[in-house]
Amino acid sequence: RSYKSKALGKAKSRTSYAKSAMSSSSAISVGSTRTSVSTVLRRMYATDLRLVADKLREDEAAVRQDLVCDFIQHAARGDIDDLKAMLMKGDVLVDDADYDRRTALHLAVCAGH
C-alpha cells in the first residue's frame with residue numbers, strides 16, 4: 001500500500017477508536033487512573049509525531065551521507081570542478097567524513113591527486 005493509503009487507514013482507525021471511546025464513556029480507565037479521551041488522543045498523536053520526526057531525521061541523515069560520499073568520490077577521481085560546485089552550493093563541508101571517517105583529502109591523497 002502507498003504511504004497515503006496507510007496514513008488514511010490510520011486516521012480512520014483513530015477516528016473509529018475515538019468515537020467508540022466517546023460513546024462508551026467520557027473517560028477511559030488506564031491503569032489505576034482515569035484519562036479523558038482527548039488526553040488519550042493527544043498521546044497517540046504525539047507518539048505519531050515523534051515517529052514522523054524521527055523518520056524525517058533518518059532520511060535527512062541518509063541524504064546527507066550520500067552527498068558526503070559523492071563528494072569524497074569526486075575527490076578520489078580528482079574532479080575539481082564538481083568538488084568546487086558542491087562546496088559552493090553548501091551541500092557539504094570540506095572536512096566531512098564518510099562512514100569510515102575518511103575525508104575527501106584522505107582519498108584524494110591516496111589516489112595521487
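This is a short talk on the fold, core, loops and charged pairs of one predicted protein model.

Okay, hi everyone. Keep in mind throughout that what you see is a predicted model. I'll start with the overall layout and then go into the details.

So, what does the secondary structure come to? Four helices and two strands in the protein chain. If you read along the sequence, the order is α-β-β-α-α-α. The chain has 113 residues, and 23% of them count as buried. For the surface people here, the exposed area is about 8,500 Å², with carbon and sulfur atoms supplying 59% of it. And on contact order: take the contacts between residues at least 6 apart in sequence, and 49% of those join residues at least 24 apart.

Now to α2, which runs from 37 to 77. Is its length what you'd expect for a helix, or off? The 41 residues at 1.5 Å each should span 60 Å, and the end C-alpha atoms are 60 Å apart, so the two agree. The buried residues of α2 include V37, T39, V40 and L41. D48 is on that list too, and so are V68, C69, F71, I72, H74 and A75. After the helix comes G78, which has a positive phi, near 80 degrees.

Next, the core. Which residues make up the largest nonpolar core? There are ten: V68, F71, I72, A75, L83, M86, V92, A104, L107 and A108. At least two of these come from each of α2, α3 and α4. The biggest contributor is α2, with four residues.

Let me pick out M86 from that set. Ignoring neighbours within four places in sequence, M86 is in contact with L67, D70, F71 and H74, and also with D91 and V92. Of those partners, F71 and V92 are themselves members of the core.

On to the loop between α3 and α4, where α3 covers 80–89 and α4 covers 104–110. Two residues there are worth a look. One is T103. Is it buried or exposed? T103 has a relative accessibility of 15%, and the cut-off for buried is under 20%, so T103 counts as buried. Beyond residues up to four places away in sequence, T103 touches I72, D95, D96 and A97. I72, you'll remember, is one of the core residues.

The other one is R101, also in the loop between α3 and α4. R101 isn't a glycine, yet its phi is positive, at about 65 degrees. In contrast to T103, which is buried, R101 counts as exposed, because its relative accessibility of 72% is over 50%.

Right, charges. As a reminder, side chains of opposite charge can pair when their charged atoms come close. How many salt bridges turn up in a search of the whole structure? Seven. I'll go through some of them.

R57 pairs with D54, and the closest N and O atoms are 2.7 Å apart. Both of these residues sit in helix α2, three residues apart, which is about one turn of the helix. D54 is partly exposed, at 35% relative accessibility.

Then there's R77 with D79, joined in a salt bridge at 3.1 Å, N to O. R77 is partly exposed at 48%, and D79 is partly exposed as well, at 24%.

K89 and D91 form another salt bridge, with the closest N and O atoms at 3.5 Å. Here K89 is exposed, with a relative accessible area of 63%, whereas D91 is partly exposed at 22%. D91 came up earlier, by the way, as a contact of M86.

And there's a network of salt bridges that links D98, D100 and R102.

Last topic, cysteines. How many disulfides does the structure hold? Zero. I'll just mention two cysteines and where they stand on accessibility. C69 is buried, since its relative accessible area is 19% and the cut-off is under 20%. C110 is exposed, at 71% relative accessibility. C69 belongs to α2, and is listed among the buried residues of that helix.

To recap: it's a predicted model with four helices and two strands, a largest nonpolar core of ten residues, seven salt bridges and zero disulfides. That's me done, thanks.

Terms used. Residues numbered from 1 in each chain as written. Predicted model: local features only at pLDDT ≥ 70, side-chain atom pairs only at ≥ 80, totals over all residues. Heavy atoms only, no water. Disulfide = S-S within 2.5 Å. Buried < 20%, exposed > 50% of the residue type's maximum accessible area, 1.4 Å probe, protein only. Contact = heavy atoms within 4.5 Å. Core = buried A, V, L, I, M, F, W, Y, C linked by side-chain atoms within 4.5 Å. Areas by Shrake-Rupley, 256 points an atom, 1.4 Å probe, with all protein chains shown as cover. Expected span 1.5 Å × (residues − 1). Salt bridge = Lys/Arg side-chain N within 4 Å of Asp/Glu carboxyl O.
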